[in-house]
Amino acid sequence: MTIRDKYKGKIAHDEIRETVVIIIGALIKKLHQATGSELPAVLEAKKLILDGLQKADKPSDVKMYLLALKNANLPEGIPLLLKYSESGEGPVSSIAISALQKYHISFITAEVKRVMNRIYHQSYKIHEKTVRTLAAEIILNSQPTHMEVKNLLLSIGELPLEMNKYMLSVFQDILQFEMPASKLIRQVLKDMTVHNYDRFSKPGSSSAYSGYVTRGPDSSTTYSLDILYSGSGILRRSNIDTFVYSKNTELHAIQGLQVTVNAMETAADPQLQNRRASAVVIEAQGLESLIAATADEGEEELESFAGMSAILFDVQLRPVTFFQGYSDLMSKMFSATGDPISVVKGFVLLTDHSEIIQLQSGLQANVEFQGGLAIDISGGMDFSLWFRESKTSVNNRGALVVLGNVTIDSEFANVGMETRFETESSFNFITTVKFSTYPFLVCMQMDKGAFPFRRYVTKYEKLPCGKSYVSRKGKNTQTMAGAELPLHQENSNMCREVFGEQEDSTGSWF
């Protein structure tokens, strides 16, 4: 295992060391899935991650090993994840809980849910809102009991302002989309001590919303967008997920964006289920002092930080740091261009299949398929004190090509058919925050580009004399128009104010 050997050697840069450890975690999972057994190299790699996490004393090392454990998905690592979920600082707890979200529901035991309930209800310690909402998500997605749902609903009305609105939206979205917990939630809401106007009428801008990107008889694509603001009206976190459903299978196509802002916004195998193809995370914290805003409970002492990370085909990559510390923030704020920063760019071989099929006629058919995906995920952050505006953007672009070739060889002729399928798409998410007025104006925009589908079919024959000719050639091209996807009504009203203000001051939208 050369990557493990590389880790044991001398590594000049911490960035390379972090990448090596995180990728080792991903390889552990892939090797275990491929072989179904514990190879000596896998056992040694698992020991490296688990021992490293137990001995880590620096926050950067703890995060590194947690990300590796998140990729490895080791059942024996759950006790460590529970430890850091409950006792770690905000960013550490968030990584640990997000790692627990990747485990199959069979591993979310009663003990795991007890810890998540303690975190959400803050039984032993004050936790950040982002950590508490992640814990609530695990509870609701893991066959919650009647009492767990009731306690979560009873907390609404007693939470911080925006978290209160967010949790209410989460329950409303579960009911609207008929998710597994919806039936139990309806039963609990029959209790008037839980379901009453005073509890559910609190104001706020946070929301959780799900909708369809495409919808057809055989397949559909859905997206969900969760937006959590801080008490001062600044974006705290936004998370977008895209799922592709085809008959009885489900593919987690994109978790296109998860923005976690601590104190200030800046910020194909169809048989696989719940597989995350790609994600971009922009994180920022400790910036509320720039606009004289008050931080929420448990978030007063956060260090200034902004960064980005990506998930590609369910593999967590090494996060990228924009700035660390206040002095670094100020130096980069005035030199930032706002241009997107590429997080992932490359070509992925999706399939390379070759097979010989024996036909009833006695002839043999040679079948070959190759498929590749070109992907480019980038994100940008622009912060202007002069215009009192911040903007974050995440762009997901990809192109897919699949080639297939079937040939039948005989003594008198060779016959073949070649088919090629091509498509490309883009998925963009933009957040604009105007903090020249209070409460702040926040506009979220999510749009999909045009989807061209091109299919080419060529049938050919080759005679024993060497002469060949094409018997049929066809091309089919379709294009689905791009569109801006609808979000919740509160966001639409906010966008009208943001763009109306810009139109009034400049004479144009941008």
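Gln-122 is found in the loop between helix H7 (110-121) and H8. This is a predicted model, and that loop is a handy place to start looking around it. The phi angle of Gln-122 is near 55°, a positive value in a residue other than glycine. Is Gln-122 buried or exposed? Its relative accessibility is 19%, so Gln-122 counts as buried, the cut-off being under 20%.

**Helix H8, just after the loop**

Helix H8 covers residues 129-140. With 12 residues at 1.5 Å a residue, H8 should span 16 Å, and its end C-alpha atoms are indeed 16 Å apart, so expectation and model agree. How many of the 12 residues of H8 are buried? The count is 11, so H8 is largely enclosed by the rest of the structure. The buried residues of H8 include the charged pair of names Lys-129 and Arg-132, along with Val-131, Leu-134, Ile-138, Ile-139 and Leu-140.

**Helices H4 and H6**

Helix H4 (residues 59-72) tells a similar story in its own numbers. H4 has 14 residues and reaches 20 Å from its first C-alpha to its last, close to the 20 Å expected at 1.5 Å a residue. Of these 14 residues, 11 are buried, so H4 is largely enclosed by the rest of the structure. Among the buried residues of H4 are Asp-61, Met-64, Tyr-65, Leu-69 and Asn-71. Right after H4 comes Asn-73, whose phi is positive, near 60°.

Now for a neighbour of H4. Two packed helices are described by the angle between their axes and the distance between the axes. For H4 and helix H6 (residues 90-100), the axes come within 9 Å and cross at roughly 10°. An angle under 35 degrees counts as roughly parallel, so H4 is roughly parallel to H6.

Which residues meet where H4 and H6 touch? From H4 come Val-62, Lys-63, Leu-66, Leu-67 and Lys-70, and from H6 come Pro-91, Val-92, Ile-95, Ala-96, Ser-98 and Ala-99. By character, the residues of this contact divide into eight nonpolar, one polar and two charged.

Ala-96 deserves its own visit. Ala-96 lies in helix H6, and at 0% relative accessibility it counts as buried. Leaving aside residues up to four places away in sequence, Ala-96 touches Leu-66, Leu-81, Tyr-84 and Ser-85. With Tyr-84, which is 12 residues away in sequence, the C-alpha to C-alpha separation is 6.1 Å.

**Positive phi values side by side**

Gln-122 and Asn-73 have a companion in Glu-178, which sits in the loop between helix H10 (161-176) and helix H11 (182-188). The phi of Glu-178 is also a positive value in a residue other than glycine.

| Residue | Place | Phi |
|---|---|---|
| Asn-73 | follows H4 | near 60° |
| Gln-122 | loop between H7 (110-121) and H8 | near 55° |
| Glu-178 | loop between H10 (161-176) and H11 (182-188) | near 50° |

**Strand E11**

Further along the chain is strand E11 (residues 389-409), where Asn-395 is found. At 18% relative accessibility, Asn-395 counts as buried. What does Asn-395 touch, not counting residues up to four places away in sequence? Its contacts are Pro-340, Asp-376, Ile-377, Ser-378, Phe-427 and Asn-428.

Lys-391 lies in strand E11 too. Here the relative accessibility is 25%, so Lys-391 counts as partly exposed. The C-alpha atoms of Lys-391 and Val-433 are separated by 6.2 Å, although the two residues are 42 residues apart along the chain.

**The disulfide**

A disulfide is a covalent bond between the sulfur atoms of two cysteines. With a cut-off of 2.5 Å between the sulfur atoms, the count comes to one disulfide. The partners are Cys-443 and Cys-495, with their sulfur atoms 2.0 Å apart. Where do the two cysteines lie? Cys-443 is in strand E13 (residues 441-448) and Cys-495 in helix H14 (residues 489-506), so the pair ties together parts that are 52 residues apart in sequence.

The torsion about the S-S bond is about 95°, so the disulfide of Cys-443 and Cys-495 is right-handed. Both ends are tucked away by the accessibility numbers: Cys-443 counts as buried at 0% relative accessibility, and Cys-495 counts as buried at 9%.

How values were computed:
Residues are numbered from 1 along each chain as its sequence is written. This is a predicted model: local features need pLDDT of at least 70, side-chain atom pairs count only at pLDDT 80 or more; totals for chains, interfaces and linings use all residues. Side-chain values use heavy atoms; hydrogens and water are left out. Helices (H or I, at least four residues) and strands (E, at least two) are DSSP runs, numbered from the N terminus. Buried means under 20% relative accessible area, exposed over 50%, partly exposed in between (1.4 Å probe, protein chains only). The expected span of a helix is 1.5 Å times one less than its number of residues. Axes are lines fitted to C-alpha atoms, for helices over the stretch in contact, and angles run from 0 to 180 degrees between N-to-C directions. Angles under 35 degrees count as roughly parallel, over 145 as roughly antiparallel, 65 to 115 as roughly perpendicular and the rest as oblique. Contact means heavy atoms within 4.5 Å.
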